[in-house]
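Grab your favourite viewer and work through these exercises with the coordinates open. Each one sets a task and then walks through a solution.

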Amino acid sequence: MARKIVLADASPLIGLARVGGLLWLRKLYQTISITKAVRHEATGARERPGAVAISAALKQGWIRVLRQEWSEPPLPQLDTGEASTLRAAVAHGAAALVLLDDLQARREAQRLGLTFIGTAGIVVEARRARLIKAARPVFARLADEGFHLDPELVEAILTELRES
């Protein structure tokens with residue numbers, strides 16, 4: 001079944017924007033949908049790294065803000081953006097792919113039966129789609145930008161991609 005909607009939390013957008021990778025999302029998924037809360041988190045502070053690139057993608061129309069907001073399921077342990085993204089995904093059901101990094105949010109996504117991928121997985125997809133020549137420099141730039149990824153996860157990915 002082809003995916004009908006890709007929903008992003010702020011973290012993957014910000015991380016990829018900081019390393020010039022937003023266009024990978026466009027090439028991999030064509031359109032990204034975000035909630036109003038995620039738009040505010042990702043672009044609310046113009047000085048936030050990546051905010052200008054994310055705002056530009058919104059103006060170009062390939063990142064779109066969902067008009068509807070959902071209140072169920074209650075997810076009090078998550079921040080507003082993560083909770084709103086998971087609620088939107090639940091509303092869209094099996095058609096949704098969620099771009100999500102936070103561990104607690106990923107646990108909730110799994111509990112809810114949602115399909116999700118994080119920033120590291122997006123880098124892998126970009127590498128496999130030949131949008132980037134190598135993942136190692138991207139992971140190094142993410143680390144330089146202060147974007148935390150589990151070093152063991154990164155090494156496992158680099159081993160799988162034969163970049164270790």
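**Exercise 1.** Is E108 buried or exposed? Work out what surrounds its side chain too.

*Solution.* Keep in mind that this is a predicted model.
- Step 1: locate the residue. E108 sits in helix α6, which covers residues 103-111.
- Step 2: check the accessible area. E108 has a relative accessible area of 9%, and the cut-off for buried is under 20%, so E108 counts as buried.
- Step 3: look for a polar partner. The side chains of E108 and R111 make a polar contact at 2.7 Å.
- Step 4: list the contacts from further along the chain. Skipping neighbours within four places in sequence, E108 touches L75, Q77, L78 and L86.

**Exercise 2.** Check whether the length of helix α5 fits its residue count, then describe its two ends and its surroundings.

*Solution.*
- Step 1: do the sum. Helix α5 runs over residues 80-92, which is 13 residues. The expected span is 1.5 Å times one less than the number of residues, so α5 should span 18 Å.
- Step 2: compare with the model. The end C-alpha atoms of α5 are 18 Å apart, in agreement with that expectation.
- Step 3: inspect the start. Here a side-chain oxygen of D79 comes to within 3.0 Å of the backbone nitrogen of G81.
- Step 4: inspect the other end. Just after α5, G93 has a positive phi of about 65°.
- Step 5: pick out the buried residues. They are G81, E82, A83, S84, T85, L86, R87, A88 and A89. Their cover includes β1 (5-8), α3, β4 (96-99) and α6.

**Exercise 3.** How do α1 and α3 pack against each other, and which residues meet?

*Solution.*
- Step 1: get the geometry. The axes of α1 (residues 10-18) and α3 (residues 36-43) come within 9 Å and cross at roughly 35°. The crossing is right-handed.
- Step 2: find the residues. On the α1 side, A10, L13 and I14 take part; on the α3 side, V38, E41 and A42 do.
- Step 3: sort them by class. The contact has five nonpolar residues, no polar ones and one charged.

**Exercise 4.** Where is L114, and what does it touch?

*Solution.*
- Step 1: place it. L114 belongs to the loop between α6 and β5 (115-117).
- Step 2: check burial. With a relative accessible area of 11%, L114 is buried.
- Step 3: collect contacts. Leaving out neighbours within four places in sequence, L114 is in contact with L86, A89, V90 and A109.
- Step 4: try a C-alpha distance. L114 and V98 are 16 residues apart in sequence, and their C-alpha atoms are 7.5 Å apart in space.

**Exercise 5.** Track down some backbone angles that deserve a second look.

*Solution.*
- Step 1: recall the background. Most residues other than glycine have a negative phi, and most peptide bonds are trans.
- Step 2: scan omega. The bond joining E72 and P73 is cis, with omega about 0°. P73 lies in the loop between β3 (63-65) and α5.
- Step 3: scan phi. R130 has a positive phi near 60°, and so does R162, near 60°.
- Step 4: place both arginines. R130 is in the loop between α7 (119-128) and α8 (136-144), while R162 is in the segment after α9 (151-160).
- Step 5: check exposure. R130 is exposed at a relative accessible area of 76%, and R162 is exposed at 78%.

Technical notes: Residues are numbered from 1 along each chain as its sequence is written. This is a predicted model: local features need pLDDT of at least 70, side-chain atom pairs count only at pLDDT 80 or more; totals for chains, interfaces and linings use all residues. Side-chain values use heavy atoms; hydrogens and water are left out. Axes are lines fitted to C-alpha atoms, for helices over the stretch in contact, and angles run from 0 to 180 degrees between N-to-C directions. Helices (H or I, at least four residues) and strands (E, at least two) are DSSP runs, numbered from the N terminus. A crossing is left-handed if the near helix is turned anticlockwise from the far one by less than a right angle, and right-handed if clockwise. Contact means heavy atoms within 4.5 Å. Ala, Val, Leu, Ile, Met, Phe, Trp, Tyr, Cys and Pro count as nonpolar, Asp, Glu, Lys and Arg as charged, and the others, Gly among them, as polar. Buried means under 20% relative accessible area, exposed over 50%, partly exposed in between (1.4 Å probe, protein chains only). A polar contact is a pair of N or O atoms within 3.5 Å; within protein, one must be able to donate a hydrogen and the other to accept it, and residues adjacent in sequence count only if both atoms are side-chain atoms.
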